[in-house]
Amino acid sequence: MPREIIPFYSSVGNEDMRALNGVALPFPMTREAMSLPAVQAVVSTMLDKLRLRPRYTLSNVAHTSVAVYNQSLTEHPEEFRFLVVEDLGHQYANGKNNPVVYADIFWEFFQRFARP
């Protein structure tokens, strides 16, 4: 077991046929889509590693759907996010190939968990 658990952010394009073993995801994401076996394989692994409950909030904003898991099984505040980007294949969203810019999203997220 690691000494310290750090938050994790997973992302995939809804048209990425490689990341989820040949499954393209609907957009915007729905609770039904979140329960697909290909999605659950990713999510359940991370929930186990981060010791989080399988409860989440789902929001759809500006070409993205994100499921936020932040109900910890321990006293430590942990978080896992599963992001789906609209109209993105197996690529890194950089603002040129898609309106979404992963670097901005990830920076905002990880700044919240900066260690002193």
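This is a short tour of a predicted model, moving from one residue outwards to the sheet and the helices around it.

Begin by selecting Phe82, which lies in strand 4, the stretch of residues 80–85. Is Phe82 buried or exposed? Its relative accessible area is 2%, and because anything under 20% counts as buried, Phe82 is buried. Now show what surrounds Phe82: leaving aside neighbours within four places in sequence, its contacts include Ser10, Val12, Met29, Met34, Val43 and Ala67. Ser65 is also in contact with Phe82, and although these two residues are 17 apart along the chain, their C-alpha atoms are separated by 8.3 Å.

Next, select Met34, Val43, Tyr69 and Phe80 together with Phe82, since these are the residues with the most contacts inside the largest nonpolar core, a set of 20 residues. Helix 1 (31–34), helix 2 (37–50), strand 3 (64–69) and strand 4 each supply at least two residues of this core, and helix 2 gives the most, with six. A second, separate core of 12 residues includes Val66, Val68, Tyr102 and Phe109.

Then colour the strands, four of which form an open sheet in the order 1-4-3-2 with mixed pairing. At the edges are strand 1 (8–13) and strand 2 (57–61), each of which pairs on one side only. Strand 3 and strand 4 run antiparallel and are joined by six bridges; to find one bridge pair, select Thr64 and its partner in strand 4, Val85.

Finally, show the helices that lie across strands of the sheet. Helix 2 crosses strand 1, strand 3 and strand 4, running at about 155 degrees to strand 4, while helix 3 (residues 102–111) lies across strand 1 and strand 4, at about 160 degrees to strand 1.

Methods
Residues are numbered from 1 along each chain as its sequence is written. This is a predicted model: local features need pLDDT of at least 70, side-chain atom pairs count only at pLDDT 80 or more; totals for chains, interfaces and linings use all residues. Side-chain values use heavy atoms; hydrogens and water are left out. Buried means under 20% relative accessible area, exposed over 50%, partly exposed in between (1.4 Å probe, protein chains only). Contact means heavy atoms within 4.5 Å. A nonpolar core is a set of buried Ala, Val, Leu, Ile, Met, Phe, Trp, Tyr and Cys residues joined through side-chain atoms within 4.5 Å. Two strands pair if DSSP finds at least two bridges between them. Axes are lines fitted to C-alpha atoms, for helices over the stretch in contact, and angles run from 0 to 180 degrees between N-to-C directions.
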